[in-house]
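Thank you all for coming. I would like to walk through one model today, beginning with a pair of strands and then moving out to the whole chain.

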Amino acid sequence: MNEISPLVVANGEFYPGQSGTVELVAGQLPSGNPVSIRAHVFRSYKPGPTILFIGGVHGDEINGVEILRLGLRKNVFANITAGTVVVVPLLNVYGFNNFSRDVPDGKDVNRSFPGNATGSLASRIAHGLSKNLLAHCDLAVDFHTGGRGVFNYPQIRYSPDDEEALQAALQFNPPVLLSSKAPIKSLRRSAQKSLGLSVLTYEGGENLRYDGHSIHEGIAGIRRLLSARGMLNLLHEEPEREPVQVSASSWVRAGRAGLFQWTKRSGYPVRKGEPIGIIHDPHGVRPNKRILSPRNGFIIGHNNAAVVSQGDALFHIGY
Ligand SMILES: [Zn+2]
């Protein structure tokens with residue numbers, strides 16, 4: 001972006017020093033009410049990178065929406081000293097209003113990128129984001145939580161072949177860094193492939209539930225990232241911390257159905273053979289089944305479901 005040319009986002013133009021909100025058209029409800037997605041744009045006088053922070057790509061993953069709400073409310077973005085920040089706290093407004101990950105036809109926006117202007121609703125939302133915002137950005141951070149009762153320990157996932165993303169992830173400095181390939185047609189994978197744009201995926205907590213630790217780590221990571229890029233002055237020095245870095249992960253699944261209790265949870269290292277959970281027979285007849293960690297590693301996610309079926313994902317172990 002030339003420093004005196006305007007940043008054009010949907011129906012808004014932003015010159016250096018200008019901030020405001022724009023509405024991206026996102027269709028209409030069957031009742032005829034229009035639906036739009038709100039983006040907040042903050043452009044400093046001083047040139048610098050353009051960073052997008054986005055939440056609610058999955059409509060029921062509320063921690064990211066809260067992290068960005070706090071950033072807006074506490075003027076983290078309004079106080080930038082260089083570059084441009086674009087904030088979309090809630091992309092999938094359909095899912096948010098329906099307490100759902102997906103849009104009403106059951107399609108997943110994060111499996112619909114780069115999208116299509118005449119495709120399914122999820123594909124249209126993805127297309128609107130790709131065309132109006134992603135094309136202008138130098139970096140994006142996409143905020144998620146675990147789905148279906150799975151709790152994710154606060155972590156950044158980045159693509160293994162993306163050096164720029166690794167640098168940004170280290171600047172964000174979350175408790176855990178996971179190098180992992182993003183799913184096909186996800187925002188992270190598609191943006192890197194079609195636009196050369198590095199995307200960090202932040203995961204913290206579980207769907208439809210606040211998690212204070214994940215929210216705190218999310219907002220602290222945003223501050224650290226902006227500060228490291230020369231876009232924000234931090235008021236106080238952060239204590240040094242080395243993230244736990246893992247480059248592979250696998251799920252421990254339920255060997256049988258029943259009532260599940262974890263005895264060790266996310267955020268802790270585990271040793272091979274260590275008991276981490278238990279499955280009970282609801283009638284108390286069959287003996288309890290202990291779940292042992294299959295390897296040395298670090299628990300980066302666990303299932304909070306009380307009732308599980310055979311094969312359900314119970315523990316996500318990074319190593
Ligand atoms: Zn998600």
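How many bridges join strand 13 to strand 15, and do the two run parallel or antiparallel? Strand 13 (residues 258-262) and strand 15 (residues 275-280) are joined by 4 bridges and run antiparallel, where strands are DSSP runs of E of at least two residues, helices are runs of H or I of at least four residues, and both are numbered from the N terminus. Pairing, as I use the word, requires that DSSP finds at least two bridges between two strands. Within this pair, Phe260 stands opposite Ile279 in strand 15.

Before going further, I should say that this is a predicted model, in which local features need pLDDT of at least 70 and side-chain atom pairs count only at pLDDT 80 or more, while totals for chains, interfaces and linings use all residues. Residues are numbered from 1 along each chain as its sequence is written, and side-chain values use heavy atoms, with hydrogens and water left out.

The two strands just described belong to an open sheet of 4 strands, in the order 16-15-13-18, with antiparallel pairing. Its edges are strand 16 (289-292) and strand 18 (307-308), each of which pairs on one side only.

Let me turn to strand 10 (residues 198-206), where 9 of the 9 residues are buried, so that this strand is largely enclosed by the rest of the structure; buried here means under 20% relative accessible area, with a 1.4 Å probe and protein chains only. Strand 10 pairs with strand 7 (residues 139-146) in the parallel sense over 7 bridges, and with strand 8 (residues 150-158) in the antiparallel sense over 4 bridges. Glu203 of strand 10 is the bridge partner of His144, and Glu203 is also the bridge partner of Gln155.

Now for the chain as a whole, whose secondary structure comes to 6 helices and 19 strands. The radius of gyration is 20 Å, close to the 20 Å that the globule rule gives for 319 residues, so the chain is as compact as a globular protein of that length; the radius is taken over C-alpha atoms, and the rule is 2.2 Å times the number of residues to the power 0.38. Along its principal axes, the C-alpha trace spans about 70 × 50 × 35 Å. Buried residues make up 52% of the 319 residues. Finally, among contacts (heavy atoms within 4.5 Å) between residues at least 6 apart in sequence, 68% join residues at least 24 apart.

Terms used
Buried < 20%, exposed > 50% of the residue type's maximum accessible area, 1.4 Å probe, protein only.
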